[in-house]
Amino acid sequence: ESLFPGTVVRAEPSASDIAKGYAGQIISVMNTYQNFGTFDVAGADLDLSWHVKTDRYGDFKPSFAATYMYEYKYQFAPGTAPVETIGQANTTGYAPRWKGNASVAWQNGPVQATVMGRWVGAYRDYDDYNPATPVRKLGNFWMFDASPRYNIGETLAADSSWLAKTYVTIGGVNILNRLPPYSYYYGTLGVGYDPTQYDIRGRYLYANFGLKF
């Protein structure tokens with residue numbers, strides 16, 4: 001009640017209360033949620049890209065992006081110090097210090113392809129929930145995606161207003177089938193890996209056929 005004045009209403013303390021060091025008798029309690037809690041998140045992004053054109057081999061578009069987080073604090077309990085969770089996994093919220101991706105897009109006539117690598121920097125596992133266990137490091141891993149595309153309409157039906165922009169894409173996510181390592185994460189799923197950074201599905205492939213008007 002000292003942190004949220006007005007939530008507890010008391011009578012004036014009696015002489016007996018004062019003698020015993022008690023506050024006055026409770027008259028009413030406002031049992032409602034209080035608007036309290038903060039997240040302070042700060043970081044910096046870096047994006048680089050360029051375009052290389054060649055007459056023989058087509059166009060190349062390499063790119064690189066990285067995020068550096070230098071603050072991820074939360075305070076959910078009144079009167080407690082903020083908790084910093086940069087690089088420390090936590091079910092309340094956290095962020096690896098570094099994340100990034102690098103990709104190369106290529107096009108030569110009706111043929112296109114993109115290859116992307118996604119990287120997550122190292123971070124500590126959820127050890128704060130199980131202090132008896134040794135410290136584990138997660139992260140510092142790459143996953144690679146690829147998506148070749150062929151604009152078949154440009155080759156087979158360039159004069160057709162309906163079919164000129166048809167295309168087919170055959171792609172893959174996590175094409176190297178990088179599976180998540182074991183984690184102390186428990187959450188509501190109890191899955192044994194960290195679902196905030198990893199995908200349990202492993203490699204999966206897809207095919208799309210599209211028509212643009």
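## Exercises on a predicted protein chain

The protein chain carries 18 positive and 18 negative side chains, and the centres of the two sets lie 7 Å apart; here Lys and Arg count as positive, Asp and Glu as negative, and His and the chain ends are not counted. Each charge is placed at NZ of Lys, CZ of Arg, CG of Asp or CD of Glu.

This is a predicted model, where local features need pLDDT of at least 70 and side-chain atom pairs count only at pLDDT 80 or more, while totals for chains, interfaces and linings use all residues. Residues are numbered from 1 along each chain as its sequence is written, and side-chain values use heavy atoms, with hydrogens and water left out.

**Exercise 1. Find out which elements of the protein chain have the lowest and the highest mean pLDDT.**

Step 1: Start with the whole chain, whose mean pLDDT (the predictor's confidence in each residue, from 0 to 100) is 89. Of its residues, 96% reach 70 or more.

Step 2: Go through the elements. Helix α2 (residues 152-156) has the lowest mean, 83, and strand β7 (residues 98-108) has the highest, 97.

Step 3: Keep a caution in mind: where pLDDT is low, the predicted coordinates should not be read in detail.

**Exercise 2. Decide whether the protein chain is a compact globule or more spread out.**

Step 1: List the elements: two helices and 14 strands. These are DSSP runs numbered from the N terminus, with helices being H or I of at least four residues and strands E of at least two.

Step 2: Compare radii. The radius of gyration is 28 Å, well over the 17 Å that the globule rule gives for 213 residues, so the chain is more spread out than a compact globule. The radius is taken over C-alpha atoms, and the rule is 2.2 Å times the number of residues to the power 0.38.

Step 3: Add the extents of the C-alpha trace along its principal axes, about 100 × 45 × 30 Å.

Step 4: Turn to burial and surface. Buried residues (under 20% relative accessible area; exposed is over 50%, partly exposed in between, with a 1.4 Å probe and protein chains only) make up 28% of the 213 residues. The accessible surface comes to about 14,000 Å², of which 57% belongs to carbon and sulfur atoms; the areas come from the Shrake-Rupley method with a 1.4 Å probe, and for residues only the protein chains shown count as cover.

**Exercise 3. Describe Asn 174 and its neighbour in sequence, Val 173.**

Step 1: Asn 174 sits in the loop between β13 (167-173) and β14 (204-210). Its phi is near 55 degrees, a positive value in a residue other than glycine. Most residues other than glycine have a negative phi.

Step 2: With 1% relative accessibility, Asn 174 is buried.

Step 3: Val 173 belongs to strand β13 and is buried too, at 18%. Leaving aside neighbours within four places in sequence, its contacts (heavy atoms within 4.5 Å) include Arg 118, Phe 144 and Tyr 206. The C-alpha atoms of Val 173 and Tyr 206 are 8.5 Å apart, with their positions 33 residues apart along the chain.

**Exercise 4. Is Pro 180 buried or exposed, and is Glu 12 buried or exposed?**

Step 1: Pro 180, in the loop between β13 and β14, is buried at 16%. Beyond four places in sequence, Pro 180 touches Tyr 193, Tyr 198, Asp 199 and Ile 200.

Step 2: Glu 12, in the loop between β1 (8-10) and α1 (15-20), is exposed at 72%.
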